[in-house]
Amino acid sequence: MLYSILYSGGHINFLEIVMHILATLVVIIVILPFHELAHGFIANKLGDDTAKRMGRLTFNPIAHIDPMGALCLILVGFGWASPVPVNMYKLKNPKRDMALVALAGPAANLIAALVGALLSNLFTVLFASHFYEAIWYQAIEFFFTYYVSVNVGLAVFNLIPLPPLDGSKILGSFLPDDLYEKQLENERRLSFILMGLIIFGVIDKILVVPDALMESLIYFLASLPFTPFV
């Protein structure tokens, strides 16, 4: 992320910084709305029309962007949009369906990452042989690298099973009813634990391996259509 590029101790590549910021802005303007829209769309399909009635089933970034969450995403790689409202008691099967609604957000980020990796491979096949050393080629490579990385990072981060992240709602569907109720009652306290883990850099260390594994899987899947050209 941007802070790690700036404070890595090595040579600062300004082209890399610019492409990182540009890729993150694309995620903020296009993909975070897609993430929230996915939540609202699945909730609507499962019986809760709250997001639809509030005008949140839209790609319009103005309806979704949280300024502080956007700034955090640019600086440290962890960020958020304004959450789509979901009334779990309107869902057909509240406990199960809430997990499906929650899963839709990270799934949207992984789909976006896969599309980015596919476009990156297509770009390489079309232009690498003749323009590999061109500055514009390097810029676009940086863009796709960070675009995929930011999306994978958001998906994995959101799967952490602590409130208010999507992973806590997914975990809840597997808990016995009594533990699920306790999880709901203690959401605020658990969210403070998450905040502490972020502030003290623990989340960074925890997510290194899952991020790398998920990114490798995305690039592997994206490489399959291009195998004949390698």
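Which residues form one aromatic cluster? I opened the notebook with that. The model I am reading is a predicted one.

**Entry 1: the aromatic cluster**

I listed the members. They are Phe123, Phe127, Phe131, Tyr132, Trp136, Tyr137, Phe143, Phe144 and Tyr147. I then looked up the aromatic pairs, and the structure holds 12 of them. One is Phe127 with Trp136, an edge-to-face pair. Their ring centres lie 5.8 Å apart, with 80 degrees between the planes. The angle is over 60 degrees, so the pair takes the edge-to-face label. Another is Tyr132 with Tyr137, which is tilted. I noted 5.8 Å centre to centre and 50 degrees between the planes for Tyr132 and Tyr137.

Next I checked how much of each partner is open. Phe127 counts as partly exposed because its relative accessibility is 29%. Trp136 is partly exposed too, at 37%. Is Tyr137 buried or exposed? Tyr137 is buried, because its relative accessibility is 0%. Its partner Tyr132 is exposed, with a relative accessible area of 52%. I wrote the pair down as one buried ring and one exposed ring.

**Entry 2: Lys95**

I went to helix 5, which runs over residues 94–131. Lys95 sits in this helix. Is Lys95 buried or exposed? At 19% relative accessibility it is under the 20% cut-off, so Lys95 counts as buried.

I followed its side chain. It reaches the backbone oxygen of Leu175 at 2.3 Å. It also makes a polar contact of 3.0 Å with the side chain of Asp177. That second partner gives a salt bridge as well, with 3.0 Å from N to O. The pair links distant parts of the chain, for Lys95 is in helix 5 and Asp177 is in helix 8 (residues 177–185). They are 82 residues apart. Asp177 is exposed, because its relative accessibility is 54%.

I also took down the contacts of Lys95 beyond four places in sequence. They are Gly172, Ser173, Leu175, Pro176, Asp177 and Tyr180.

**Entry 3: the other salt bridges**

A general note to self: side chains of opposite charge can pair when their charged atoms come close. How many salt bridges does a search of the whole structure find? It finds 4.

Asp97 and Arg96 form one of them, with the closest N and O atoms 2.6 Å apart. Asp97 is buried, because its relative accessibility is 0%. Arg96 is partly exposed, with a relative accessible area of 45%.

Asp49 forms a salt bridge with Arg53, and the closest N and O atoms there are 3.2 Å apart. Asp49 is partly exposed at 27%. Arg53 is exposed at 54%. I looked for further partners and found a network of salt bridges linking Asp49, Arg53 and Lys90.

**Entry 4: a surface patch**

Which residues form a nonpolar patch on the surface? I noted Ile111, Val115, Leu119, Leu122, Val125, Leu126 and Phe229. Together they have about 640 Å² of accessible area. I looked up Phe229 separately. It lies in the segment after helix 10 (202–223). Phe229 counts as exposed because its relative accessibility is 59%.

**Entry 5: a cis peptide bond**

Where is the cis peptide bond that I looked up? It joins Pro163 and Pro164, and omega is about 0 degrees. I placed Pro164 in the loop between helix 6 (135–158) and helix 7 (166–172).

**Entry 6: Ile29**

My last stop was helix 2, residues 14–45, where Ile29 is found. Ile29 is partly exposed, because its relative accessibility is 44%. What does Ile29 touch, not counting residues up to four places away in sequence? The answer is Phe59, Pro61 and Ile65. I also checked its distance to Ala51. The two are 22 residues apart in sequence, and 19 Å apart in space from C-alpha to C-alpha.

Methods:
Residues are numbered from 1 along each chain as its sequence is written. This is a predicted model: local features need pLDDT of at least 70, side-chain atom pairs count only at pLDDT 80 or more; totals for chains, interfaces and linings use all residues. Side-chain values use heavy atoms; hydrogens and water are left out. Patches are made of residues with over 30% relative accessible area and no salt bridge: like charges are joined within 9 Å, nonpolar side chains (Val, Leu, Ile, Met, Phe, Trp, Tyr) within 5 Å. Accessible areas come from the Shrake-Rupley method with a 1.4 Å probe; for residues, only the protein chains shown count as cover. A salt bridge is a side-chain nitrogen of Lys or Arg within 4 Å of a carboxyl oxygen of Asp or Glu. Helices (H or I, at least four residues) and strands (E, at least two) are DSSP runs, numbered from the N terminus. Buried means under 20% relative accessible area, exposed over 50%, partly exposed in between (1.4 Å probe, protein chains only). A polar contact is a pair of N or O atoms within 3.5 Å; within protein, one must be able to donate a hydrogen and the other to accept it, and residues adjacent in sequence count only if both atoms are side-chain atoms. Contact means heavy atoms within 4.5 Å. Rings of Phe, Tyr and Trp (its six-membered ring) pair if their centres lie within 6.5 Å; planes under 30 degrees apart count as stacked, over 60 as edge-to-face and the rest as tilted.
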